[in-house]
Every structure is written in structure tokens, then in C-alpha cells.
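Reader: I am in my first year and still learning to read structures. Could you take me slowly through a single part, the surroundings of the ligand, together with the helix packing beside them?

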Amino acid sequence: MKNGELLKWGEGKLSGLRVDGYDIEAEVLLRYVLRMDKISNFQFPISKEVEKKYKNLIFKRCRGVPLAYLTNHKKFCGLDFYVNERVLIPRPETERLVEVVLEIIVPSCQLSTVNCQLLDMGTGSGCIITSIIKGIENFKCFKGKECFKNFKFVATDISADALKVAKINAKRHGVLDKIKFIQSDLFEKLPVVSCQLLVANLPYVEEFWQDPSIQFEPKQALYAGQDGLDVYRRFFQQVWNYTKQGSVILIEIDLRQVKPLKKIIGKRKIEVLQDRFQKPRVLKITV
Ligand SMILES: C[S@@+](CC[C@H](N)C(=O)[O-])C[C@H]1O[C@@H](n2cnc3c(N)ncnc32)[C@H](O)[C@@H]1O
């Protein structure tokens with residue numbers, strides 16, 4: 001069989017199942033099995049082994065397995081992250097958290113003179129903390145790298161498997177030695193140190209919400225009780241011991257949770273920030 005014929009076969013299977021962008025996905029999977037960045041010749045013969053591998057992936061995709069789990073790749077903030085079924089697939093909406101952190105710390109290097117601790121809670125694939133550090137590294141100012149030399153980065157997750165993935169990604173992007181990884185149920189295993197910045201994309205999906213698009217992702221990364229707020233409720237019982245005046249807490253949320261979360265957080269300075277799809281997505285709490 002020629003690679004072009006195999007591609008047509010894959011497109012046919014995926015189009016039948018109404019997968020959005022099925023032609024692109026069929027080609028991504030073909031490039032993946034052929035280990036090629038680009039295919040310009042669709043007339044070359046392929047081995048039985050490659051054909052079998054490709055067909056297997058297409059059948060899995062037809063069953064709804066996300067493309068990112070099949071290829072073990074997901075782009076986030078322009079960086080390539082390794083992902084597997086043990087971690088949530090990074091979402092484009094979450095890039096807003098990274099942008100806001102960089103908007104706070106980069107322009108003025110305002111936190112650089114003090115020892116600044118930045119905590120990423122529920123790090124999953126490590127996409128947030130890795131992107132923040134890469135964002136800081138790319139920032140050029142007259143003080144150069146000196147500017148952020150007092151920064152400490154901590155990433156936590158309740159899942160040991162997720163932390164393994166986060167470390168793979170930190171290593172891939174050359175920031176492994178900059179991050180301290182701690183397995184912990186929220187703050188349980190964390191030393192009581194004030195953090196200037198706390199970022200958290202913790203589970204916030206209501207337990208009844210079932211959608212084919214998330215069925216293959218880890219339940220522990222998604223669900224948080226009846227109203228989706230069980231984990232954030234516990235988070236806001238504990239977080240104040242890890243902040244000081246001026247600390248900033250940034251959390252990702254669903255738009256329907258703005259009101260109940262404001263009630264949970266109480267009388268504090270809270271800003272609601274929108275994601276790139278103009279939906280309320282981030283709560284910024286200044287202590
Ligand atoms: C929505 S995912 C976010 C993953 C990643 N930060 C991202 O934005 O793609 C939530 C993460 O929180 C972790 N998690 C769930 N409950 C937790 C808890 N009680 N303490 C710490 N981490 C928790 C999950 O294992 C998962 O990796």
C-alpha cells in the first residue's frame with residue numbers, strides 16, 4: 001500500500017465519525033507512525049508493520065481516544081509537552097494563567113528583589129510552571145538572568161504518576177533543576193512558607209458532567225463533587241497560611257463558579273479575568 005492510500009483510508013474512517021479536522025488528524029497520525037515532520041510525497045510504499053500501527057491508532061481515535069494521548073504530544077504556550085493518560089491534556093484556556101503570571105512578574109521584575117516563591121498546585125503535566133519559567137527565561141531586561149535569581153518554583157500534585165510526567169516535561173525544556181516537586185494532597189506535605197504567587201488549576205468539574213471529550217482523562221484531574229467546588233473549598237480553607245500581604249492567588253475556574261467562589265473566598269480583592277474565548281476563566285485574588 002502507498003502512504004497516500006493509507007491516508008485516504010484513515011480520513012475515511014475519521015470523517016465517518018464526524019471528528020472535527022479529521023483530515024488533519026489522519027495526517028498527524030500518519031506522520032507520527034512514519035516519524036516524519038512533513039510528508040511531501042504521497043506515493044511511497046509503506047511496510048505492513050507501519051500500516052498495522054496506523055490502523056490501530058485510527059481505530060483508537062474512532063473510539064474517542066484523544067489525539068494527544070495517541071501521539072503523546074500537546075502544544076501549550078508554544079511548547080511541546082509530553083502527555084499520557086495519567087495527566088489532563090493541557091487546554092488553550094489555561095494559557096491565560098501563564099500570561100497573567102508573566103504580566104505580573106515580568107514587566108517590572110517587581111518581585112525579584114525578595115525571595116519569591118511561586119507555587120503551581122495540581123501541576124499535572126507541568127505545563128503551567130514549565131511555561132512560566134520559559135517565559136521568564138525569554139524575558140530580556142538590562143539585568144539579564146540576575147533579575148529572577150531569587151525565584152523558587154514549587155510544583156505539587158496528589159498524583160505520583162502526574163509528577164513523573166511533569167518531571168519529563170521539565171527535563172525536556174531544561175528547567176528540571178529549577179523546580180521542586182512535591183507529592184501532596186493540597187498543602188498537606190508542604191512546609192509552611194509564604195508564597196508570593198500561587199497558581200492552581202485544580203479539578204472543578206461537577207460529578208454528574210459526563211462528556212465523551214473527557215472520558216479518557218483522569219477522573220482525579222477533573223471531578224470535584226456535586227458542584228465541582230469540593231477541591232477549591234478545601235484549598236481556600238488552607239491557602240491563607242501560605243500567603244502574606246501582597247501575595248497573589250490565581251485559579252482557573254468555570255464561569256458558573258464565579259459567584260459561589262466569591263462567597264467561599266470572602267471579603268478580599270478578587271478580579272475575574274477572561275480567557276482567549278472571552279469567558280471568565282481566572283480568579284485573581286490579592287491578599
Ligand atoms: C485540572 S488538572 C490540571 C493539570 C495542569 N495543571 C493543567 O493545567 O493542565 C488538576 C490536577 O490537580 C491534581 N489534583 C487533584 N486533586 C488534588 C489535590 N487534592 N491536591 C493536589 N493536586 C490535586 C490532579 O492530579 C491534576 O493533575
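Author: An axis here is a line fitted to C-alpha atoms, for helices over the stretch in contact, and an angle runs from 0 to 180 degrees between N-to-C directions. Helices (H or I, at least four residues) and strands (E, at least two) are DSSP runs, numbered from the N terminus. The model is predicted, and local features need pLDDT of at least 70, side-chain atom pairs count only at pLDDT 80 or more, and totals for chains, interfaces and linings use all residues. Residues are numbered from 1 along each chain as its sequence is written, and side-chain values use heavy atoms, with hydrogens and water left out.

With those terms in hand, helix α5 (residues 95-105) packs against α6 at an angle of about 35°, and their axes are 9 Å apart, in a crossing that is right-handed (the near helix is turned clockwise from the far one by less than a right angle). Contact means heavy atoms within 4.5 Å, and on that basis L97, V98, V101, L102 and I105 of α5 meet I128, S131, I132, G135 and I136 of α6. By class, this contact has eight nonpolar, two polar and no charged residues, where Ala, Val, Leu, Ile, Met, Phe, Trp, Tyr, Cys and Pro count as nonpolar, Asp, Glu, Lys and Arg as charged, and the others, Gly among them, as polar.

Turning to the ligand, 20 residues surround it (a heavy atom within 4 Å), and the closest are G122, D157, D185, L186 and N201. Among the polar contacts (pairs of N or O atoms within 3.5 Å), an oxygen atom of the ligand is 2.8 Å from an N or O atom in the side chain of N201, while a ligand nitrogen atom lies 2.9 Å from a polar backbone atom of L186. Taken alone the ligand exposes 590 Å², of which the protein buries 96% (Shrake-Rupley method, 1.4 Å probe). Helices α6 (127-138) and α8 (219-222) are the elements that give two or more residues to this shell, whose residues divide into nine nonpolar, eight polar and three charged.

Terms used
A polar contact is a pair of N or O atoms within 3.5 Å; within protein, one must be able to donate a hydrogen and the other to accept it, and residues adjacent in sequence count only if both atoms are side-chain atoms.
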